[in-house]
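Grab a viewer and work through these exercises one at a time. Try each task before you read its solution.

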Number of protein chains: 2
Amino acid sequence: MNLQDDMQDIARKALAVSRQLALLKARKKNSILLAMADALEAGKARILEANAKDMTEAENAGLSNAMLDRLRLTEGRILAMAKGVRAVAALKDPIGGQISRWIRPNGLEIVKRRVPIGVIAVVYESRPNVTADAAVLCFKTSNAVILRGGKESIRSNIAIAEILNEGGRKKGLPEHAIQIVETTDREAVRLLVQMEGFVDMAIPRGGEALIRAVADMARIPVLKHYKGVCHTYVDASANQDMALQITENAKCQRPGVCNAMETLLVHEEIAPAFLPKAAALLAERGVELRGDPAARTLVPAMKEATEDDWSAEYLDLILSVKVVPSVQAAVEHINTYGSRHSDAIVAESEAAQTVFTRDVDSATVYVNASTRFTDGGEFGMGAEMGISTDKLHARGPVGLEELCTYKYVIGGNGQIRG
Amino acid sequence: MNLQDDMQDIARKALAVSRQLALLKARKKNSILLAMADALEAGKARILEANAKDMTEAENAGLSNAMLDRLRLTEGRILAMAKGVRAVAALKDPIGGQISRWIRPNGLEIVKRRVPIGVIAVVYESRPNVTADAAVLCFKTSNAVILRGGKESIRSNIAIAEILNEGGRKKGLPEHAIQIVETTDREAVRLLVQMEGFVDMAIPRGGEALIRAVADMARIPVLKHYKGVCHTYVDASANQDMALQITENAKCQRPGVCNAMETLLVHEEIAPAFLPKAAALLAERGVELRGDPAARTLVPAMKEATEDDWSAEYLDLILSVKVVPSVQAAVEHINTYGSRHSDAIVAESEAAQTVFTRDVDSATVYVNASTRFTDGGEFGMGAEMGISTDKLHARGPVGLEELCTYKYVIGGNGQIRG
């Protein structure tokens with residue numbers, strides 16, 4: 001078979017099994033998930049062996065240390081993966097839930113019911129843990145999944161997918177519910193995301209380049225998780241101690257993630273008092289500051305920010321800093337340079353809070369809290385597939401409900417249209 | 001300016017005004033809508049004049065009668081357009097509504113709030129009435145709209161858009177809230193649907209070819225309304241009188257629309273009694289029947305259905321007919337050949353109803369009612385932008401709520417992540 005036939009075959013099998021998956025009861029799905037978690041633990045030697053081969057090849061190919069770290073699996077990481085699977089088993093099953101219900105004057109009863117999407121393709125970089133995460137989130141929501149990971153992690157991914165399937169099968173996991181694309185040919189991705197009528201949605205997980213490539217090629221809907229250029233705006237009315245704590249937390253607690261702050265905006269009235277204190281605190285934590293002229297007047301040690309800094313996702317201990325004349329100017333800056341992810345205001349003024357939360361066009365807007373809370377777990381949704389910066393279908397954390405669609409089930413007793 | 005600059009300029013203006021639109025109060029928007037309706041009535045001579053020029057050109061170009069009919073405006077049609085605008089004014093404003101709210105153990109208050117999508121591009125064929133429909137639905141939901149209609153109706157579209165703008169401006173409609181692309185260059189559509197970061201969503205309205213072309217070109221999300229290949233399945237347990245009424249209604253009441261029935265499936269146990277009666281009734285109404293061998297044995301006058309008939313959207317007084325051995329076989333047929341739009345079962349058996357509504361993968365599934373009810377008005381949503389056959393974002397009727405997205409507004413008192 002050629003590649004096109006292979007991919008078509010995978011998609012057909014996924015579509016066929018998706019009908020079966022929709023019928024599985026929550027209890028059955030959860031027992032399958034627990035069996036998968038057990039299998040991951042029992043199969044850790046096999047996963048580590050596959051991963052060792054991936055690592056050797058990746059080292060020989062000269063991958064960066066950051067990439068090698070993402071690729072590397074350890075016993076601890078495999079146990080964490082299994083724990084993650086058990087956590088998904090413990091979540092409430094969203095399928096079949098009634099979203100709303102109403103009766104029309106003609107007696108028709110309309111029930112809007114949550115149902116699986118069908119077939120989801122997950123395209124990701126060389127992070128083997130995504131194999132397990134994506135597989136179990138899709139399975140929990142009764143979606144068939146087609147996994148296509150980065151080529152550097154192919155052996156690890158295949159081992160994990162095989163073990164999930166073997167473990168799950170003991171408790172009745174249907175064949176083809178979790179499929180992995182075994183070829184590393186990039187053309188396979190293009191074919192996959194153009195399978196209208198078979199694949200219902202593509203979720204690219206990884207850097208901006210991957211996401212743009214998938215979005216450009218796709219003929220099916222793509223749920224995108226672009227970068228997080230998150231802001232904290234310190235208003236003139238801010239409680240300065242609170243602002244210092246939030247600033248430090250949003251930047252330093254975990255700088256390498258999408259909900260970490262990349263730009264600090266400070267109202268000009270509070271800047272002379274606040275910025276030197278903030279700069280001292282951040283310097284202690286090893287943060288490099290890059291400011292606009294007004295910020296550099298107050299903190300001369302700051303580097304000069306360039307235009308590129310305002311839209312940069314550093315994912316590192318670097319922070320751009322700007323002094324603004326008003327909350328409106330802060331909003332304008334965020335809507336211009338931000339990535340519609342997560343932005344916070346620190347303010348005691350309710351008027352400023354209202355302007356900010358109403359006018360900042362982002363998935364999540366915070367009042368007096370750190371942007372680091374944008375996360376499925378922190379929201380109380382449990383595990384998530386990522387943080388959507390799209391506006392359609394799902395915005396912000398993509399949890400179980402966001403991996404579902406709905407249908408209208410309408411009951412009548414002979415109604416016809418007049 | 002070249003075309004790319006022109007389109008970029010339109011998109012920039014739309015993005016800028018979208019921030020303003022999000023702030024408009026419901027009462028203000030409704031007074032603007034009523035002024036638009038008045039302006040349509042007052043400006044009918046101007047619209048008819050523009051339309052007459054379009055019609056002359058279209059007749060000279062040899063357009064089909066069906067296309068000419070869609071293009072033609074009359075005083076009655078313009079008054080109906082104005083009435084439609086007033087009906088949208090009377091609908092509840094969905095913007096700002098709270099979808100859900102919860103408090104996290106750390107005290108963070110999470111409010112999921114309905115907000116406008118931002119900028120919507122509507123690409124449609126030569127039906128001038130879509131200009132008004134699309135403009136007011138987008139405006140009611142505080143979205144900026146960029147309209148791009150078919151070239152045959154360009155003068156009518158421009159006249160309608162100008163009049164809506166003139167009327168609305170008297171009550172404070174912001175400039176650029178409703179923009180129309182005045183060039184008929186097809187390249188403009190491609191540019192429009194690739195404006196990531198400026199245009200949030202494209203809605204193609206028209207035939208399958210238009211929708212596919214837009215979906216193929218787009219880099220932004222597309223809300224698709226493909227064809228309606230709708231089924232009625234008459235179960236062995238059906239009340240035959242009810243089944244006859246529903247069959248007649250679903251096929252004949254308005255055969256040219258997407259929620260009309262195209263295929264009748266009949267259980268083999270009831271077929272000998274039911275099909276001859278149904279065929280006689282449909283023959284009286286001028287319906288041409290195309291059956292499978294089993295159906296033709298029972299009603300020999302029927303033509304022979306070909307494989308293509310099962311996926312055909314006739315939009316006409318033609319019906320394909322098939323005898324099936326079970327509800328499962330009916331479901332299988334629908335999921336294979338249908339378009340995931342609207343499908344009905346007529347059955348007294350609750351078991352058959354359950355299988356059908358659970359397993360048919362369509363936006364709307366009916367028990368003992370006509371598929372013709374799939375419509376925003378009939379659902380109680382009011383006017384709609386169309387019927388989505390997509391599974392993401394919106395499925396089924398696209399009313400005001402489906403033209404919105406949401407954001408999370410999170411209130412804290414200094415929470416940081418540990």
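## Exercises on chain A

**Exercise 1. Work out how local or long-range the contacts of chain A are.**

Keep in mind that this is a predicted model. Start with contacts between residues at least 6 apart in sequence: in chain A, 73% of these join residues at least 24 apart. Next, look at burial: 55% of the 418 residues in chain A count as buried.

**Exercise 2. Check the overall dimensions of chain A against the globule rule.**

First, get the expected value: for 418 residues, a compact globule would have a radius of gyration near 22 Å. Then compare: chain A comes out at 24 Å, which agrees. Finally, put a box around the C-alpha atoms along the principal axes, and you get roughly 70 × 65 × 35 Å.

**Exercise 3. Split chain A into domains and say how far apart their centres are.**

Step one is the assignment: domain 1 takes 3-223 + 398-410, while domain 2 takes 230-377. Step two is the distance: taken over C-alpha atoms, the centres of domain 1 and domain 2 of chain A are 35 Å apart.

**Exercise 4. Find the order of the strands in the open parallel sheet of chain A, and see what packs on it.**

Begin with the inventory: chain A has 15 helices and 16 strands. Of the strands, 4 make an open sheet with parallel pairing, in the order β5-β4-β3-β6. The ends of that order are the edge strands, β5 (178-180) and β6 (201-205) of chain A, and each pairs on one side only. On average, neighbouring strands here are turned by 20° against each other, direction ignored.

Now zoom in on one pair. Strands β3 (residues 119-124) and β4 (residues 144-148) of chain A run parallel and are joined by 5 bridges. For a concrete example, take Ile120(A): its bridge partner in β4(A) is Val145(A).

Last, add the helices. Helix α1 (residues 3-21) of chain A lies across β3, β4 and β5, at about 145° to β4(A). Helix α9 (residues 208-217) of chain A also packs on the sheet, touching β3 and β6, and its direction makes about 160° with that of β6(A).

**Exercise 5. Classify the packing of α5(A) against α6(A).**

Two packed helices are described by the angle and the distance between their axes. For helix α5 (residues 75-90) and helix α6 (residues 128-140) of chain A, the axes come within 10 Å and cross at roughly 10°. Angles under 35 degrees count as roughly parallel, so α5(A) is roughly parallel to α6(A). To see who's touching whom, look at residues including Met81(A) and Val85(A) on the α5(A) side, which meet a set in α6(A) with Ala132(A) and Val136(A) among them.

Conventions:
Residues numbered from 1 in each chain as written. Chains lettered and ligands numbered in written order. Predicted model: local features only at pLDDT ≥ 70, side-chain atom pairs only at ≥ 80, totals over all residues. Helix = DSSP H or I, 4+ residues; strand = E, 2+ residues; numbered from the N terminus. Rg over C-alpha atoms; globule rule 2.2 N^0.38 Å. Buried ≥ 20, exposed ≤ 12 C-beta atoms within 10 Å, placed from the backbone. Contact = placed C-beta atoms within 7 Å. Domains from an automatic or database assignment. Pairing = 2+ DSSP bridges. Axes fitted to C-alpha atoms, helices over the stretch in contact; angles between N-to-C directions. Parallel < 35°, antiparallel > 145°, perpendicular 65-115°, else oblique.
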